[in-house]
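I sat down with this one and a notebook, and I wrote down each thing as I looked it up. Here is the structure I had open.

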Amino acid sequence: MQRMNESTARIALPTFEQAAMIQLISTFASMEERFIPSTKGYSLYLRPTMIGTQRTLGVGPPGSALLYVIASPVGPYYPTGFKAISLEATDYAVRAWPGGVGDKKLGANYAPCIVPQLQAAKRGFHQNLWLFGEEEFVTEVGTMNMFVAMKNKETGQKELITAPLDGMILAGVTRDCVLSLAKEKLVPEGWNVVERKYTMKELSDAAKDGRLIEAFGSGTAAIPEQEAGEIALQMKNWIEEIQYGDVEHEWIKVTALWKDEHWLYAERSAAHCRFTERKSASIIQIQEMKREMRRESYI
Ligand SMILES: *Cc1c(COP(=O)(O)O)cnc(C)c1O
């Protein structure tokens with residue numbers, strides 16, 4: 001919610017009271033429990049969104065805005081399972097730049113990435129690996145944060161590396177979870193967990209030397225990876241056991257409790273929930289919302 005407030009503030013949209021919003025979403029999720037799927041891997045996706053609604057032409061701060069939550073039962077992001085994907089190191093298009101808004105969750109960051117994604121797809125790659133600058137710093141992958149596990153060139157120590165939040169990186173909640181879990185569980189096993197800039201050359205050198213262990217992306221909807229990697233799988237399992245309440249954890253907030261064995265958990269990022277039945281009222285709601293939005297954009 002803090003990230004959303006920082007994002008809306010950046011584009012002159014209003015901010016809101018975070019605790020109240022979380023409370024509203026929790027109540028909403030409890031009321032709509034029938035849309036929370038019960039099969040593992042399925043969830044009720046909750047996406048708070050804000051759009052400006054002032055009916056005028058011209059560039060200026062909007063006088064009105066709509067804050068709404070898209071709620072939709074969703075299946076596994078990768079229905080064929082947790083599979084390796086191929087990445088195109090993209091140097092002909094830039095996702096984010098210093099002083100830009102790449103660190104904010106804005107629709108404006110996604111639209112320009114679609115054509116490069118299609119171009120990568122045409123060449124047989126699943127996603128873009130976004131590079132920045134002449135040094136070819138590795139920043140993010142698709143719409144996910146990028147993690148690399150490799151052995152240090154000098155010391156041979158295993159390192160889990162991700163780019164630092166320098167204004168060009170989206171502060172992913174999953175990124176934060178992965179870093180926390182890595183510090184908690186991998187550091188005691190001798191790993192070094194680092195947020196630092198790293199380049200494409202470092203990656204390819206590590207690959208050539210056989211020091212590259214694995215690479216994966218992290219985001220709320222999925223944590224795919226390069227080659228059914230051990231670390232990524234481990235992370236996925238650690239996150240899921242927290243998410244599904246198999247272990248007790250401070251990130252979990254129980255929003256409702258019903259029918260003995262059915263629990264509803266709201267994840268730290270307010271995203272994934274467990275559920276009992278599916279049907280399509282929330283989908284109808286979304287369609288109405290889309291109509292609403294379309295109407296707004298035509299006026
Ligand atoms: C949404 C997003 C992420 C992941 O954020 P989560 O909070 O982990 O879902 C990472 N990178 C980009 C560019 C994003 O838009």
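My entries follow, from the whole chain down to single residues.

**Entry 1: the whole chain.** I started by noting that this is a predicted model. I then looked up the secondary structure, and the chain has seven helices and eleven strands. Next I checked burial: of the 299 residues, 29% count as buried. I also looked at how far apart in sequence the contacting residues are. Among contacts with a separation of 6 or more, 65% are between residues 24 or more positions apart.

**Entry 2: the lysine in the record.** I went to UniProt and found an unreviewed entry that annotates Lys105 as "modified residue: N6-(pyridoxal phosphate)lysine". Where does Lys105 lie? I found Lys105 in the loop between β3 (87-90) and α3 (111-122). Is Lys105 buried or exposed? Neither label fits: Lys105 counts as partly exposed because it has 19 C-beta neighbours inside 10 Å, and buried would take 20 or more. I also listed its contacts, skipping neighbours within four places in sequence, and got Arg3, Met4, Ser7 and Leu170.

**Entry 3: around the ligand.** Leu170 turned up again when I looked at the ligand. Which residues come nearest to the ligand? Of the 14 residues around it, they are Leu170, Gly172, Val173, Thr174 and Thr220. Two elements, β6 (144-151) and α4, give two or more residues to this shell. Helix α4 has the largest share, with three residues. I sorted the shell by class as well: eight residues are polar, three are nonpolar and three are charged.

**Entry 4: strands on either side of α4.** Since α4 kept coming up, I looked at what it belongs to. Helix α4 (residues 173-186) makes a right-handed β-α-β unit together with β7 and β8. How do the two strands run? Strand β7 (residues 158-162) and strand β8 (residues 192-195) are parallel, and four bridges join them. I picked out one of the pairs: Glu159 has Asn192 in β8 as its bridge partner.

**Entry 5: one residue in α4.** I stayed in helix α4 and chose Leu181. I had to count for this one: Leu181 has 16 C-beta neighbours inside 10 Å, so it goes down as partly exposed. Which residues does Leu181 touch? Leaving out residues up to four places away in sequence, Leu181 touches Met235 and Trp238. I also took a distance to Ile239, which is 58 residues from Leu181 along the chain. The C-alpha atoms of Leu181 and Ile239 are separated by 8.4 Å.

**Entry 6: two positive phi angles.** Last, I looked through the backbone angles for residues other than glycine with a positive phi. Ala12 has a phi near 60°, and Ala12 is found in the loop between α1 (2-10) and α2 (18-31). Is Ala12 buried or exposed? Ala12 is exposed, because there are 11 other C-beta atoms within 10 Å, and the limit for that label is 12 or fewer.

Glu136 also has a positive phi, near 55°. I placed Glu136 in the loop between β4 (127-132) and β5 (137-141). With 18 C-beta neighbours inside 10 Å, Glu136 counts as partly exposed.

Notes. Residues numbered from 1 in each chain as written. Predicted model: local features only at pLDDT ≥ 70, side-chain atom pairs only at ≥ 80, totals over all residues. UniProt positions renumbered as here; feature names shortened; annotations may be inferred. Contact = placed C-beta atoms within 7 Å. Pairing = 2+ DSSP bridges. Right-handed = clockwise from strand over helix to strand, strands pointing away. Near = placed C-beta within 6 Å. Nonpolar A, V, L, I, M, F, W, Y, C, P; charged D, E, K, R; others polar.
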